[in-house]
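Q: Please take a close look at one part of this fold, beginning with a single strand and following the chain onwards from its partner. What surrounds this part?

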Amino acid sequence: MKIKLNCDMGESFGIWKMGNDEEIMPYIDMANLACGFHASDPVNMSRSVILAKKYSVSIGAHPSYNDLLGFGRRTMLCSLEEIKSIILYQLGALNAFCRANGMVISYVKPHGALYNDMMRDENIFKAILNAISSFNKNIKLMVLSGPKNEEYEYTARLYDIKLIFEVFADRNYNDDGTLVSRMEENAIIHEDLDVIARVMNLKERSFVTSVNGHKIFLKSDSICVHGDNDKALDFIKLVRKTLL
């Protein structure tokens, strides 16, 4: 199966610009578009959908906790009802712009702290599945690939939702398959050769190497490069070339 390249995009807000969407979009397969809670606004959502359509890129909703100030990277204590509601709210917002431009939301990839919380708290995972299932069962959920993939797949089937397993090209991994916290200095990969090695190992041998040198074998439907990485465009070009 072809490994697809995804990127977090549409994260500008008002006159504040984040990322290099216009240059990055032609090189990716899947665009995770911010839905207004950690970044973006109506005008930027509209522009992002139009840009994705121009390059025939699949659109994913990138919902988060309601945390503009913290860019969605801080955990918020929410009830399961609130989790479901914030997912539905953001899906509805992005869906309006997709419908207006003849596009559809193909998948959901929670952002930042919500993504991390989903992976370690089964109840949050189920609340997100519940929200997607009640909105449109054809929409998939993107999750962090790891040792418990089969357990996540089993739970997702209870809600008739399919999963997309994601691996990161520009983030370092702990030995247990989790991502190194952004609070740590070595959380982000900065060297071109390290990114190429990561993608080649995934493509040919299905593993990533942890910060301690351990091999972690992972299913990889999609590889992510973060759009807010200083070298995002260079990395994306490298990943695209390596995946061909």
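**A strand, its two partners and the loop beyond**

A: Strand β1, which spans residues 4-9, is mostly covered, since five of its six residues are buried (under 20% relative accessible area; over 50% is exposed, and in between partly exposed, with a 1.4 Å probe and protein chains only). The model is predicted, so local features need pLDDT of at least 70 and side-chain atom pairs 80 or more, while totals for chains, interfaces and linings use all residues. Numbering starts from 1 along each chain as its sequence is written, and side-chain values use heavy atoms, without hydrogens and water.

Strands here are DSSP runs (E, at least two residues), as are helices (H or I, at least four), numbered from the N terminus. Two strands pair when DSSP finds at least two bridges between them. On one side of the account stands strand β9, residues 222-225, which pairs with β1 in the parallel sense over four bridges, and within this pairing C7 has V225 of β9 as its bridge partner. Strand β2, residues 30-34, also runs parallel to β1 and is joined to β1 by four bridges, with M9 standing opposite L33 of β2.

Beyond β2, the loop that leads to helix α2 (42-54) holds F37, which counts as buried because its relative accessibility is 11%. Apart from neighbours within four places in sequence, F37 is in contact (heavy atoms within 4.5 Å) with S64, Y65, N66, D67 and L68, and also with I86, Y89 and Q90. Between F37 and T178, 141 residues apart in sequence, the C-alpha to C-alpha distance is 25 Å.
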